[in-house]
Structures are given as structure tokens and as C-alpha cells.
Amino acid sequence: MKLIRKKAENQEQAQGVSAGFKGSSVDRRTFLRNSGLAAGGTALTSMLTPGMMKKAHAASGSAAGGKIEKIRSICTHCAVGCGVYAEVQNGVWTGQEPAFDHPISLGAHCAKGAAVREHGHGERRLKYPMKLVGGQWKRVSWNQAIDEVGDQMMQIREKSGPDSVYWLGSAKFNNEQSYLFRKFAAMWGTNNVDHQARICHSTTVAGVANTWGYGAMTNSLNDIHNSKSMLVIGGNPSEAHPVSMLHIFKAKEKGAKLLVIDPRFTRTAVHADHYVRIRPGSDVAIIWGMMWHIFNNGWEDQEYIDQRVFGMEDVKAEVEKWTPAEVERVTGADEATVKKAAEIMAKNSPGTFIWCMGGTQHTIGNNNTRAYCAFQLALGNIGKAGGGANIFRGHDNVQGATDFCILSHSLPGYYGLSAGAWKHWSRVWDLDFNWVKSRFDQQAYEGGKSPMHTKGIPVSRWIDGVLEDKENITQKDNIRAMVLWGHAPNSQTRGKEMKTAMEKLDLMVIIDPYPTVSAVMHDRKDGVYLLPASTQFETYGSLTASNRSLQWRDRVIAPLFESLPDHTIMYKFARKFGFDKEFTKNIKVVNEEPYIEDITREFNGGMWTIGYTGQSPERLKLQQKNWHTFNTTSLKAEGGPVDGEYYGLPWPCWGTPEMKHPGTPNLYDPSKPVAEGGLNFRARFGVEHEGVNLLAEGSFPVGNELRDGHPEFSMAMLERLGWDSDLTAAEKAAIAKVAGSKTNWKTDLSGGIQRVAIKHGCAPFGNAKARVKVWTFPDPVPVHREPLYTSRRDLVAKYPTYEDRKSHYRLPTRYESIQSTDHTGQYPLILTSGRLVEYEGGGDESRSNPWLAELQQEMFAEINPKDANDNGIKDGLDIWLEGAEGARLKVKAMITRRVAPGVVFMPFHFGGHFEGKDLRNKYPKGSDPYVLGEAANTALTYGYDSVTQMQETKCSLCKIELA
Amino acid sequence: MARMKFLCDAERCIECNACITACKNENDVPWGINRRRVVTLNDGEPGEKSISVACMHCTDAPCQAVCPVDCFSTTSDGVVLHNKDMCIGCGYCFYACPFGAPQFPQNEAFGVRGKMDKCTYCAGGPETADGSAEEESKYGSNRLAEGKLPLCAEMCSTKALLAGDSDQISQTFTSRVMQRGGRPDTWGWSSAYGE
Amino acid sequence: MLNSENNTTDEGSRRKRRNRRILWTFVAMWMIVVLAPIPGYFMTTDTVQAKGEFTDNPRSAYWGEIRQGGSGYTTDRAPEAGNLVNDSGEIWRVLRNDTISPYGAWLIAFILVAVAGYFMFAGPMKVEGELSGTKIKRWNLYDRCIHWIVAVTFFVMSISGLILLYGRAVLIPLFGREGFAGLAMFCKDVHDLLGIPFAVALVMMILPWLKDNMFRSEDAEWLAKSGGMFDGSHPSSGKNNAGEKIWFWLLTIGGTVLIVSGVILVMPNLEPLRNTMITMHILHSVSGLILIAVSLGHTYMGSIGVEGAFNGMVTGEVDTAWAKQHHDLWYAEQMGEEAPAKAKKSAKSSSGPAGLSTGKVSAS
């Protein structure tokens, strides 16, 4: 029986999905499980892709059934880190069960998590290596692909230097692959390496780390149970992190107040006790507006500020300017609404503060995130259970990939790019620093520094790295080859220019389980390679959830089709380039696959800064086997083999694995000893600034023997305190080998300094104040600045953007020159973007999953009834949406009051249509996602954060008209 | 005797659609058939509420009452199942069901609808052996026989969708309502409903 | 002549008006029968809803709104998927199960009993006096073919429809559920497919027969005397008597309803709304049941009820005696005569010339 879907459109795509359903004698799952049995008949087998057939026949089962293995894994979508129980029979993923005993998700899933078993089908996957020849996709072998790509890269390297090959990595890598990828780029000899964190939370990491030390979520989802109030700004966890709502509702039902501030009345706002609608891009104004009420009513926690915060007076001075009238003028929120919001947070303590892309993706993203921090510090909410800055991260391992710094400005562990950092990692890699250095372009460009020590081009700007005049880029040549390794180009703005850039490149290499929009959006005829990577269910390793917990994934199924795990592909390239020996010096390689546990152990030996050192594979695996033993609020194991440890050994998990540090559940919480997960703010910015003490005053973790603020630990400090005698001989020897008494807690490869500091109750990184004034940033105290494409010309004079910059991450970056032109006449509406629950990121993976794709089949734009009526648009009609830089998208109109008048919203997960053109036939046959649509980012415009080069996706301009 | 029911807590449902994909996943439901769906009322406006709905396994099931071939039966757990061998695809159950639960794989001229498909409460079919390959291909999984509840409810992201014995789930729901103070306290409720 | 002409015109228009009145009265009565029970169920639902509003739960208003058929957003793209709760199915269920089925059964039973009773009481209507042996052409080949096509398809559709409606109650106890399901599946397919020839044939039958089925003045008397069923009289009648005309119009109206509702019901691909399908189903079953019931009467009359009628539809020819007795005006018309002035009062008085061969009449 042939089944059809109810709507005729997209019918072709749906075929195959419906194959062998109910009513026929056997379904696919049964067929696969029965493996070699003839039960399916030819009709059914023809529906199966060759790889699946291979898979099915390879399975050894003698009869239907066979033993069901229950494998523990973690969902590969967002960073909540939900547990997955995969049931595998004869090597086929036949079932998925809720992981009720998983401490974070408690069995819950969102639409995406509940559909991960489809990865075991992978019908729309990229099945084998392919290359574009004369506009046609041609199948090639892995060896041929690696050889051809490798040779071309070596030629480019020869002529233009290693910086002309861009290594764009992925937050979909697990920790081991992330670490290996950064190491790989270092050995290729470039800092032109980056990943999605640049365009999701880079401003968070920069802003937060510069405020109190570490740039990560401070508490955990489970800890929200302890909150009395919850503020969500620029975030929509109902769609982006649905399982987090489980914890938010738990708090809410215990009486906590939920406050949502957002330009859209989101699915989260629907459940709020209080909702504040603001104009996109006015985050600083609304935060300062709330703090105006806090300061004027004396609601701040003055004792906390005195002990633990530096610079609050400067913030106060800025906040003074944000009177209720001014706040209303800039944000649109009236005094009563703002005051009520401030009161909810001030009077229901502790309160947690949740933010996401709505706050970060702005030209002033770093100002926004620092304003959020200042707000929480004023209320004394950081370093408390139930408080914290709960920054929900996006991809499943974006926290890990960030920590391993697949970033153009740092080496793993945020060591930076200084000579000291390179030397530290050379020691960890057991390589000669000079050899590592020799891999780089030896000329000097920016400020006399060689490219080894200058920040590479960030992912948000790679198109400018291709298109900008060579003279304006502070490296040898333009980017000539792009490696898009697990990246969706449609998650980036300026689609039209990206198309041009793709066409200008000498070589494009796309390494991904899916062809992605990168395979089709350009009009290239050759020079494009598609290499099939496995998903994370086809390999294993650790990953870091949003709350810094490391979880261990087991392998669910063998790689499908001809796909290979990412680290195997890295090794293949390393061997082609001739540095495989150095690359895997301490790592066993079996069948070209670097051994995951060895990689974990290698980074355990180097990631001292953020405490990725205690999480050995053995400890992580033991926790995974015992994830049912953890308390679901505190995340602390109660009894059992991992008694007293926190789930996932949330970093910092200090010292060596042997030290058995339990992990740090809430950052900067002095109510516990450091040895048991307590902490204080990090002494990262010196001990004083302009004569003012930066160290904490009278605040310290329980058991701190110094009983006050102190600088970070070094061998010299231990000696001064007389604590060096606590070091073992081996530790002393290791310290002497690094830099003697200059060795500090970050470079001591033995972990001795950390161990001794913690033994005396001290945090190895010192005990300082958080700073709300970051004197190294363009705006030391966060200020409001209008977006480049602002709808409010009347505010530009008072709140102008920055001046243009000549070299920011190697590239000229424009601010003022764009803002100076008034576009509001032609483009009267604000354009913003965001997420849908069914899809993730660029959506190539989730749109290829029929269970998800069926739910959202069309790209749309949300338009307020007023704007719709003004433009003669009716619900469900096709419209042309034109971005302020001229890109035209054909999308469906969805008329809703969810957006305010004057604001148009688009989800950014769609791709495969370009300016009204359907690119389906450009995909390699059989690997086109079920659902295609215009990419919202095609219409989004120029605009980059002044510190991190974060792209502006949340406020631009557009116009709409009936198609 | 247990009476299995679904109950959706509209205060918690966030329209994440996990119930839908969980159902597709567990029962290999093809494109075009939705045994479960989530409906959001007042979408995008104050008072917005989402509710997940599927076959409610009614005690006095209208589908059962109108079926010309009497192919429905209620199990001892109170689950309403239908026999696909007997189903003639007439569509009467679809007319009668208040929840729009019955689904048809085809929708062609001359009344060709195929065998009706609907939520089985993950309890397989009425006539097939529990957990057999035949049952799985015809009706989907039989979790109830394995002592498990429907996957949609088990995987619900916020535990809004409750499944189980009607006494137990209504107790869970009542205690939540009591904890909330009996009254929804969300922004815009008063303006939406004039309180 | 002028006078008489005027008289004829007056009489003609009066007759037309009267005919129209009869027609409309009949339609109205039919509508009342069909629609009368519906308001009752609407009222029942109202009471249920009203009860809910007295509670204090603020959600009750919300759920009330949903029960009213409030519609929202959903990712499900099926028509009306946004409709969370649709009560109308309950109305349909009650109408179908508790009203239409039992009353339909009673109606059919009533007709059957009535016909049987009449047959036993009065026996078949025989041609009074001797058959002349002379045949007169009453139905041409087209008429007969189309009649039998309609009759056979109607019969099959009736049986299959009745099986679908009553089989669960009547046949499942006999065959068991599995056994019946196969039959029901067959019936459904037959019913769905045969609708097409039935509809086409019905239209092809109705159109040419329209002119002979217009109500005329003599029909009132015919009706007043119930066609002589009880007093043995033979009221005057044209080609079709008033009873046959009523049957014709019932078939025309009911058949149209059946065809239109049936087409909508077998076209789920056009995605009609659920309420539409429910309404169509009610119209379909009510009109079907009425036609089935009345067709029993027609079948009786056309077979054992009236001697010679069946042969007339088989061979197309009737005995002149039969024609004179049952359709005197038509007979006279066929004979090229003016209707005898007194013919209306008593067909007995008319004694047509026999043996005249006119082409329309042939000796047997």
C-alpha cells in the first residue's frame, strides 16, 4: 500500500519516507532487524539506500530479534545535554527510550531529541565522497578526495602561505575532536580557524570572562529549582532549549517568578509572570532602566558589591542617565512595566538570569552581556545556588568546542596566542616549540607580530577574508580555500556576498554528514569537494553541556555509508600533509582512527586554566554508568561508586584525575570549600587598577586559609607562603622543568600547584572581585549604541555606534560609515531572526529528518497585522522580503501579534532557496533535505561586535511586499 | 481496573512537538499521518495555550459507536484499539471523533482512504500478538505490554503530557494545580479573559 | 371557442398553481421530517455547555471556547487540524445512531408491513373485465433500459447501504465480525463505485420523463381517492398517475440529494470540511432511507401489486384494457381522442375502440 501525505506539495520528497508503512507486511525497522531475511521482498529493498542494505546484510543476526543492546548517549542537538537510551539490535538502531534516570533531562526530550533515532536511517545523508566536475556531482574514493584536496592545499600553502586555507570547525565535534581540530589547525600553521561559537555566544564568553573570570554558564539547569525569580532576556528556551523549561516550571510551581524580556511575545513569554516587550537592540537600555529602579530604591546588595565587585560606581553613574522616560523612549517599555520587572528580580532572591542569542548577536553584544552581569552583581546573585548567569548554549558541544578554542584568537583552554601559550601547548604535545613555530607564516604583519600570535579571521568574516583587497588584510594573502567542516553557511549573514565569496575561492571542501547549503548556494562548476562525516552517534567521546558538565557518549551504530568520524578524517589529512607523527605523538592510531581515550588524556594534561584536567575517560565513563545516582537538584551523587561527585564533573574539575575533585556545580560559590566545588571570582585582571584594589575583600570560600582576597597561585607564591613543602618530589621536578618558580597554576603540568592551593582551601586562580568596568574594552562601562541599520534615526546622535576600525581580527571593520546613511525611508521595518523548536542551526540535518521536516514545511516571516495591512498582505500569502543590503527573499507571510508593529521576524533554519530560486536540483541526488526554504540570513546585513566580531542578526531593516 | 488516559497540562505545554516526533519515532508513522498533534490557541497573543491532543481513549468512544463493522474494542486497560483487518476505511470514526484523532493514509477519489490509523496508546493492535513483527508493522509498538507508557508522554519535555491510570494522572495534575494556587498566573491572562 | 379557450387557460393556470402548491407542500414536509430532530440535539449540547459556566475555574471559559470549536495554530497540515475539539461529531453520532437508524428501520418496516397488509387485505389490483389482448406501447426501449439500470443500481446501492448501516446490528451476530468485515468492505467499494452509473442513469431517466410527471388537475382527485386503493375506484390519470408522479419527484429530489452528498462523501481528496461531510452523510442516509422505503411501495405496485405493470416495464407494452383502467387520459391521448368529459369521473364509462391499428397499438 502506498501512503501519501495530505498535501500534494513536496510529495516527491515524501516518497520513500512512507515506504513500507502500516498495512504492508513489514516495515523498515523490522526489515532491518531481520537483516538477511527475505521478508522484505524487492519492493521494500528498493526503498533502501545501498548503504543501509550493506548495513543490514553485514549485521550478523541469525534470525529476527537478536539481543537488544541498550546504549547510553547524549542528544546531538542542543547543549542542554539530554540523555538518550538507544536500543540497538544487530547493529541497527531500532528503538529509543526515555532516560528517566538521566539527571539533567529526566527522560524528557524536545521534538529534535525525540527524533534522533532517525540518524540510524540517514536517508538524506551525504553517502560517499563527491566532487563537482563541470557542474555535476561525481562520486570519488576517499583516497582520491584526500589526495586531490591535499595537493591543492599544499599548492596554496606554497604560494600564499598557510593562512590562505581556512579551517572552519564545528560545535558538533565532541571534545576530543574539538581539541584535535584546534591542534590540527595549529600544525597546519594558521590561526584562521573558528567555529559557530563566534556567531552564537562569543560576546558572552568575552563579556562574562572579562567580568568574573570564566565565560560560561555559572550554574546549571537543575540549580534553577532553587531560584525565586528567573529572568529570560533575548532567549526563547521553549523553542531553543525546551527541556530547560522542565526545570523552569519546577521552580515556577514552587513559587518562583518568571520574567521575560524580549521583542517577541515568545512561547516562553507566554508562561511568564511578567513580560516586557522591547525594541530589538535596546538591551543595555532596558537593563540600565531596571537598575535605575534598583539603585533608586536601594534594592541592591551593597555588602556583596563592597566585598566582591569592582567598578559599580561607574555603572551607577551610567545608570543615572537612564531615567524611566529615557528608557521608554529607547526601548518602548513604560515606567510601571520596567519597575515591576526590577522589583520582581530584586525582591525574589536569589534570582537567575538567562540569556541567549537575542542578547549576544549585536554590534554591542559584549556591552549587553556585561550589562547583564552588572545587573546580577548589583543584586548579589552570582555565586549562589538559585542565582547565577545561566547562559544557555546552543549546539550540543558548543561549550566544549569553545573551551577547546576552535577559535581564531586562542589555543585550547583560553590560553591565548602568546609565546607562553604556544610553549605550554608544545610541552603538552611533547613537541619542539620551534617546529610548531616553523609551520606558520614567518613574516610579521599586524603591529610587528607574526601570524602565529595574531588573531585569525573569525568565521563571521571569512567572506571578507576572501573578498577584501589583499592590502587591507593583515596576512599574506586572501583566503583561497575554505574547509567548512560541520558548518551551515546559512547561519551567517550577508548571503549574497557569501555566494560571491564562494565563487571566488580556489577550493571549497565541505565535510559534513549532509551536503549543507554550502554545496548548492553558489554557481561553481568545479573545485568543490563533499566529504561525508559521521554523526556523533557513530563515534564516541565526551562532550560538555551548557552547565559545564562533561558527559560520555557511547557509540550507538557504526558509521553509515562511507562516512568517517571527524577525527579519522583529520588524521587522513594530517598524514597527507606529513605531520601525522607529530599530530598523534601521544595518541594511539588504529585503522587511521586516533584513539579517543588517548586524546582525552592528552587534553587532561594541558587544560589547567579551566579545570578540564580531572575528567579522565575512566571517571567520565563511571559517571555515565551511574547517572542514576545523582540528585536532580544539586547534581551531586548520593552514594554509589561516584559518591560526592557532581554530575559530569563540571569544570573546573581541578588537578589531576587522581585528586578526585568533584567538579564545580556553581561557579564562584564561596559557601563550599574549593575542594568540594566551592569557588570565588577569578583574579584575572591583576591585583589593582588605577590604585584601587581588585582582590576580594572579606569574601572567600569556606576553609580558605588566607581568609581574604589573593592573587593567582604560582610556584613563587607557594614558596612565599611556605606551602611548597606540600609538593611531592615528582611535582617539584615537573614544575622545575617548566619554568621553575615562575611556573604558575596554569602551566604546571603536574597539577601540584593547584593541589596544594586547594589543600589550603584556596582557588588556584586567586580570589578577586568581579569587574563591571572592563577598561580594556571599547566601552569600559557598557553603554547603549544604536544598531548600524537602526530604525530610530532620532537616537543616532545621542547613541552613535563606533568609529570604523582598520584592523580588527585582521580585517577592516565598518561601523560609523554604515550607520551614517539613513535607510529607513526605503526599509521601514525592523528585521530580526530566531529559532524554531523543530530545527537546529542551519537546519541541514533537522530538515533532512522527515519526522521533524513534516512539522515545518515552509519558510515564513512573522508580521504584525498592522504592517500586513499597511502592505496589503494576508496570512499565508507569498511575500518578497527585501533586506537593507538588497537581498530579496520569497517567503510565506504569517500574520501574528507575536511581533510588535514595525518588527518582522524570520526563523533562520531554512536554506536551499536563494532569492526566490529553488536549488533542489543542485544537491547530489538523494541527499537534498526534505524541506528547503529561503535562508533568513541572506537578507541580514553587515554589523560586527566591537570585541569579538559577533555578527548582528537581531536588528536590521527590511521592507515587505506581496509577491 | 486501570483506565489508561492522557492528560495535557496546558500550563506546562510549550508546543515543543516532542510528543509528535516521539510518536513517529516509536511507531514509524509515515509522513502525512499525525497520530498526535499540538494545537496552540490564541497563538502569539496573551492567553496563548498549547495542548497536545491525540486519541483520548474515551470511555464511551464515539468512533466505536459509529463504526459500521464494529472494529473497535476497548482493552482491559481502557485503551481503545481498532482492528485494521476489519477496517473498511469509511471515515465514520473521523466524523464522530471530537479530537480529530483518526487518520487515513490515503485521501483519494471514490472514497479510497485506506485503513484508518490512530494512536494506539502504544498498545499495539487488538488482534496481533504482543510485540510481534506483524503488530509492529501494522500498528506500531506495544509498550504497554512491556510495562511502559506511551512514548509521547514519557518523552514530554516539560512533563505536560501525562499518561497512565486516570486516577493517578489526575492526582498528579490536581497537586500541580494546588501548588499553583488553582489559578493560572501568567502575564496577560487577566486581559485575555477579563478577570 | 374563445370562452372555452379562456376557460382552459384559467383552468390551466389554476391547475399549474395547484400543482406547484402540492409540490412545495410536499418538499416542505420532507424537509421538516429530515430536519426536525436536529434542533433538539443542538439544545442538548447547549445545556451541557451552560452547566460548565457556573464553576469558578477560570479555565472553564477557556475550555468552553475550545468546545465551541475554537481553532488555533498547529504544525499538522491536515484540514481543520487546528481545531482542537469538534463537538459536531457527537451530534452526528446521536442523529445517526439514535435517530436515523431506528426511524429508518421503522419506516422501512412500516412500509413493508403496510404493503404486506394491503396485499393480504386487498390482493393485487387486477384489470377489471377481460384483457383486450391488444397491446399499446407504453415504454420505449430507452425508457425501459434506463429504468432498469436505475432500478438495479438503486437496488444494489440500497442493499449495500443498508448493510453498512444495519449490518453491525443484524449481520455481525450471524457472520461474526471478521466475516462481516469482508462483506462490508465489498459493500463499501460497490457502493462507492456504483454511485457513478446510478447518478448518470438517474439523470438520464429524470430528464426525458419530466414532462409526463408534471402535476395536473386530475391528480388531486386521484390523490383524494388514494388512487382507488381502498375503494376500488379508478380515478383518472395521464401517462403517470399522481402516485407515480410523487415517486418520480421524490426520486428526483432525493436522488439529487443522494448524488450531491454522495459525491462529496466519496471525494475525501477534495478535503471537504468535517461538518460538511457530517451534514452530507445525514442528508445521504435520510434521503436514502426514505427512497428505499418508498421504493418498496413502488416495487410492490410495479410487480405483484398491479397486474400488468411489471410486464409493461419489461416488454414496454400494456394491454389496452389495463391502460384504460389505470391511465385513461393517457390512453385516450394515445388514441388521438379528446379526453372524454366524463372520463375523469369514471374510467369504467370509457370504452375505447379496440382493434384500431394506429402504429401505437398492435394486436397481440
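**Exercise 1. In chain B of this predicted model, what share of the contacts between residues at least 6 apart in sequence join residues at least 24 apart?**

Start with the contacts in chain B whose partners are at least 6 residues apart in sequence. Then keep those joining residues at least 24 apart, and you arrive at 56%. Now turn to burial: of the 195 residues in chain B, 67% count as buried.

**Exercise 2. Which elements make up chain B, and in what order do they run from the N terminus?**

First, take the inventory: chain B contains seven helices and six strands. Next, walk along the chain from its N terminus, and you will read β-α-β-β-α-β-β-α-α-α-β-α-α. Then look at overall dimensions: chain B has a radius of gyration of 18 Å, close to the 16 Å expected from the globule rule for 195 residues, so it is as compact as a globular protein of that length. Finally, the C-alpha trace of chain B spans about 50 × 40 × 30 Å along its principal axes.

**Exercise 3. Is E15(B) buried or exposed? Work out its setting as well.**

Begin with the backbone: E15(B) has a phi near 55°, which is positive although the residue is not glycine. As background, most residues other than glycine have a negative phi. Then place the residue: E15(B) sits in the loop that links β1 (4-8) to α1 (18-27) of chain B. Last, count neighbours: 26 other C-beta atoms lie within 10 Å of E15(B), so this residue is buried, the cut-off being 20 or more.

**Exercise 4. Where in chain B is H57(B) found, and how many C-beta neighbours does it have inside 10 Å?**

H57(B) belongs to the loop between β3 (49-54) and α2 (62-66) of chain B. Its phi is near 50°, again a positive value in a residue other than glycine. The neighbour count for H57(B) is 25 inside 10 Å, and therefore it counts as buried.

**Exercise 5. Find cis peptide bonds in chain A. Where do their prolines lie?**

One of them runs from S349(A) to P350(A), with omega near 0°. P350(A) is placed in the loop between α14 (335-347) and β12 (351-355). Another cis bond, also with omega near 0°, goes from W651(A) to P652(A). P652(A) lies in the loop between α25 (617-625) and β21 (688-689).

**Exercise 6. Over which residues of chain A is the pLDDT below 50?**

Check the whole chain first: chain A averages a pLDDT of 92, and 93% of its residues score at least 70. The stretch to flag is residues 1-64, where the pLDDT is below 50. Beyond near neighbours in sequence, this stretch has 112 contacts in the model. Where pLDDT is low, predicted coordinates should not be read in detail.

Methods
Residues are numbered from 1 along each chain as its sequence is written. Chains are lettered from A and ligands numbered from 1 in the order in which they are written. This is a predicted model: local features need pLDDT of at least 70, side-chain atom pairs count only at pLDDT 80 or more; totals for chains, interfaces and linings use all residues. pLDDT is the predictor's confidence in each residue, from 0 to 100. Two residues are in contact if their C-beta atoms, placed from the backbone, lie within 7 Å. Helices (H or I, at least four residues) and strands (E, at least two) are DSSP runs, numbered from the N terminus. The radius of gyration is taken over C-alpha atoms; the globule rule is 2.2 Å times the number of residues to the power 0.38. A residue is buried if 20 or more other C-beta atoms lie within 10 Å of its own, exposed if 12 or fewer, and partly exposed in between; C-beta atoms are placed from the backbone.
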